[in-house]
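Welcome, and please have your viewer ready. We will go from stop to stop, selecting a few residues each time and looking at what is there.

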Amino acid sequence: MADKNKRMKIARIEKDLSQDQLASLVGVTRQTISMIESGKFNPSLQLCIAICRALDRTLDQLFWEE
């Protein structure tokens, strides 16, 4: 799992959200969240921004490759 995928999962868990709950907040399916977290799907910039807003993180914090 890439660091960015781990960071998203950790941020989701810290907000006490399930994959289902996060998916509902950003308007995608749970499967989409699962695929992003497992590195099998690259979200659009629009979806990245929605995820960041839902998790109170910046794009840099969640998605920027070191």
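Our first stop is a space inside the model, which is a predicted one. The largest cavity has a volume of about 30 Å³. Searching the whole structure turns up one cavity of 30 Å³ or more.

Which residues line the largest cavity? Select Lys4, Asn5, Ile36, Phe41, Asn42, Pro43 and Phe63, and you have its lining. Colour the selection by class and you will find four nonpolar, two polar and one charged residues.

Now zoom out and switch to a cartoon view. The protein has five helices and zero strands, so you will read α-α-α-α-α along the sequence. The radius of gyration is 10 Å, close to the 11 Å given by the globule rule for 66 residues, so the protein is as compact as a globular protein of that length. If you draw a box around the C-alpha atoms along the principal axes, expect roughly 30 × 25 × 20 Å.

Next, select helix H1 (residues 3–14) together with helix H3 (residues 30–37). Their axes come within 8 Å and cross at roughly 130°, which means that H1 is oblique to H3. To see where the two helices meet, show side chains for Asn5, Met8, Lys9 and Arg12 in H1, then for Ile33, Ile36 and Glu37 in H3. This contact of H1 with H3 is made up of three nonpolar, one polar and three charged residues. While you are here, notice two names from the first stop: Asn5 and Ile36 belong to the cavity lining and also to this contact.

Keep H3 on screen and swap H1 for helix H2 (residues 19–26). At what angle do H2 and H3 pack? The angle is about 110°, with the axes 8 Å apart; H2 and H3 are therefore roughly perpendicular to each other.

For the last selection, take Gln19, Asp20, Leu22, Ala23 and Val26 in H2, which meet Arg30, Ile33, Ser34 and Glu37 in H3. The residues of this contact divide into four nonpolar, two polar and three charged. Leave Ile33 and Glu37 highlighted as you finish: these H3 residues meet H2, and they meet H1 as well.

Definitions and conventions: Residues are numbered from 1 along each chain as its sequence is written. This is a predicted model: local features need pLDDT of at least 70, side-chain atom pairs count only at pLDDT 80 or more; totals for chains, interfaces and linings use all residues. Side-chain values use heavy atoms; hydrogens and water are left out. Axes are lines fitted to C-alpha atoms, for helices over the stretch in contact, and angles run from 0 to 180 degrees between N-to-C directions. Helices (H or I, at least four residues) and strands (E, at least two) are DSSP runs, numbered from the N terminus. Angles under 35 degrees count as roughly parallel, over 145 as roughly antiparallel, 65 to 115 as roughly perpendicular and the rest as oblique. Contact means heavy atoms within 4.5 Å. Ala, Val, Leu, Ile, Met, Phe, Trp, Tyr, Cys and Pro count as nonpolar, Asp, Glu, Lys and Arg as charged, and the others, Gly among them, as polar. On a 1 Å grid over the protein atoms alone, a cavity is a set of points where a 1.4 Å probe fits but cannot get out, and a pocket is an open set with protein on both sides within 12 Å along at least five of seven lines; lining residues have an atom within 4 Å of a point. Grid points are joined across faces, edges and corners, and a volume is the space filled by probe spheres set on the points. The radius of gyration is taken over C-alpha atoms; the globule rule is 2.2 Å times the number of residues to the power 0.38.
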